Amino acid sequence: MTPHSKTNPERLPMTADKKAFLLSIGTADAEPGLIPTTRKSTAGPSAGSGGSVFISSGGHRVRLSLDPDSPIKVRKTNTDSETVIVTYLDEPIVTGKIESVPAHCPEQAYINLSEKCIYNCKYCTVPLLQGHTKSKDETLQIIREAFDKGNGSVSAISITSGVEESPEGELNRVLELMPELVKFGVPIGISIYVTQDGAQKLKDAGVSEVKFNVEAASAEIFENVCPGLSYDDVFDELKNSVAIFGKGNVYSNLIVGLGETDDDVAETLEKLAKIGVIACLRPVFENKLRKGDCFMERPSKDRLMKLYDLQKRICEKYDLHPEKSKTMCSKCGGCDLVPFADD
Ligand code: SF4
């Protein structure tokens with residue numbers, strides 16, 4: 001993640017602790033006109049929510065889903081037009097800047113190819129929304145526009161996808177794009193479902209980093225929330241991918257708030273780190289469309305900080321460096337605390 005504002009100190013800089021607090025709420029109400037027009041999120045659990053705001057401050061970045069009922073408010077300050085103040089129940093917490101978003105997140109062209117899914121992970125709204133699948137031309141057009149809009153700031157292409165027909169179909173969709181994507185000359189990160197020999201094919205096509213998501217911190221929770229998918233297949237593919245991409249170039253989202261214990265999280269983090277995989281500890285997003293479909297409880301600030309400290313110790317033990325990530329979520333850092341980048 002780029003250190004955003006260290007040369008231009010804010011009155012109330014964000015800290016890891018403040019970021020954890022903002023993440024524990026996860027939403028914000030922003031003053032009209034403050035948010036640059038962006039496409040709505042079409043990927044993962046927060047798909048279909050009403051847009052988001054990225055705030056950078058004190059070298060940290062946070063992404064909050066827009067919600068007019070949120071207790072977090074983002075308002076202009078009187079001092080200058082660029083600075084915003086973030087309050088919780090009228091109490092000022094952070095001052096910072098709103099970041100522009102070339103495509104999905106700052107500094108990347110991050111594209112979701114298939115906004116639909118044949119699976120039905122119970123915390124995710126993509127299967128309910130059954131949206132659009134982007135064509136190759138459409139995807140390339142969005143990426144070109146992101147580079148134009150980014151004015152030199154876009155330093156990675158990241159691709160994710162639901163599953164329109166089959167995981168192999170999504171792999172092929174990515175492989176067809178790759179000859180065009182490599183021409184942009186930036187690192188490329190891919191996060192799709194596990195397929196036979198998929199990691200090797202992605203590597204051969206010029207991909208720099210991959211992500212396969214374990215999602216849950218125990219096999220039991222995974223079986224309950226991701227019916228039809230295999231926890232073991234994900235771990236096998238992660239291990240295989242490290243052999244292909246190298247330690248520290250393979251990632252996995254681990255959702256916190258699905259009913260797991262901290263010991264479950266510690267055990268899974270250690271299991272991932274041991275095979276050279278960097279985890280993104282993602283607070284569960286309780287999308288209204290998924291209310292009651294499975295246990296979801298947004299983790300508290302204290303829990304997020306405890307798990308952040310734990311993850312840093314595990315990264316140190318296995319010499320993993322999420323702060324050096326070149327693509328996807330560990331580079332962005334909007335939704336998670338990223339070890340060492342958020343110190
Ligand atoms: S952390 Fe990942 S999911 Fe969140 S905004 Fe950044 S790229 Fe998107």
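**Note on the predicted model: strands, ligand shell and cavities**

1. Strand E10, which covers residues 209–211, pairs with E11 in the parallel sense, and the pairing runs over 2 bridges. Within this pairing, the bridge partner that Val 210 finds in E11 is Val 250. The model discussed here is a predicted one, and its local features are considered where pLDDT is at least 70.

2. E11 also pairs with strand E12, residues 277–283, again in the parallel sense, with 7 bridges between E11 and E12. One position that can be followed by eye is Ser 252, which stands opposite Ala 279 in E12.

3. How many residues of strand E11 are buried? The strand spans residues 250–256, and 7 of its 7 residues are buried, so E11 is largely enclosed by the rest of the structure. The burial holds for both directions of the side chains: Val 250, Ser 252, Leu 254 and Val 256 point one way, Tyr 251, Asn 253 and Ile 255 point the other way, and all are buried. Val 250, the partner of Val 210, and Ser 252, which faces Ala 279, both belong to the set that includes Leu 254 and Val 256.

4. Strand E7, residues 109–112, is likewise covered on both faces, with Ala 109 and Ile 111 buried on one side and Tyr 110 and Asn 112 buried on the other. E7 pairs in the parallel sense with strand E8, residues 157–160, over 4 bridges, and in this pairing Ala 109 stands opposite Ile 157 of E8.

5. Tyr 110, one of the buried residues of E7, is also among the residues that surround the ligand. The other residues of that shell are Phe 54, Arg 63, His 104, Cys 105, Arg 282, Cys 329, Cys 332, Gly 334 and Cys 335. Taken by class, the shell around the ligand divides into 6 nonpolar, 2 polar and 2 charged residues.

6. For residues 103–319, UniProt lists "domain: Radical SAM core", and the entry from which this annotation comes is unreviewed. In the model, the span 103–319 is 43% helix and 13% strand, and its end C-alpha atoms lie 31 Å apart.

7. The structure holds 4 cavities of 30 Å³ or more, and the largest cavity contains about 70 Å³ of space. The lining of the largest cavity consists of Leu 23, Val 256, Leu 281, Leu 304, Leu 307, Tyr 308, Gln 311, Asp 336 and Leu 337, which by class gives 7 nonpolar, 1 polar and 1 charged residues. Helix H9, residues 301–317, gives the most to this lining, with 4 residues. Val 256, which is part of the lining, is also one of the buried residues of E11.

8. Two residues deserve a check of their backbone angles. Leu 89 is a residue other than glycine, yet its phi is positive, near 50°, and Leu 89 is found in the loop between strand E5 (83–88) and strand E6 (91–98). Asp 90, in the loop between E5 and E6, has a positive phi of about 70° although it is not a glycine.

9. Are these two loop residues buried or exposed? Leu 89 is exposed, with a relative accessible area of 58%, and Asp 90 is exposed as well, with a relative accessible area of 70%.

How values were computed. Residues are numbered from 1 along each chain as its sequence is written. This is a predicted model: local features need pLDDT of at least 70, side-chain atom pairs count only at pLDDT 80 or more; totals for chains, interfaces and linings use all residues. Side-chain values use heavy atoms; hydrogens and water are left out. Buried means under 20% relative accessible area, exposed over 50%, partly exposed in between (1.4 Å probe, protein chains only). Two strands pair if DSSP finds at least two bridges between them. A residue is near a molecule or strand if one of its heavy atoms lies within 4 Å of it. Ala, Val, Leu, Ile, Met, Phe, Trp, Tyr, Cys and Pro count as nonpolar, Asp, Glu, Lys and Arg as charged, and the others, Gly among them, as polar. UniProt positions are given in the numbering used here, feature names are shortened, and annotations may be inferred rather than shown by experiment. On a 1 Å grid over the protein atoms alone, a cavity is a set of points where a 1.4 Å probe fits but cannot get out, and a pocket is an open set with protein on both sides within 12 Å along at least five of seven lines; lining residues have an atom within 4 Å of a point. Grid points are joined across faces, edges and corners, and a volume is the space filled by probe spheres set on the points.
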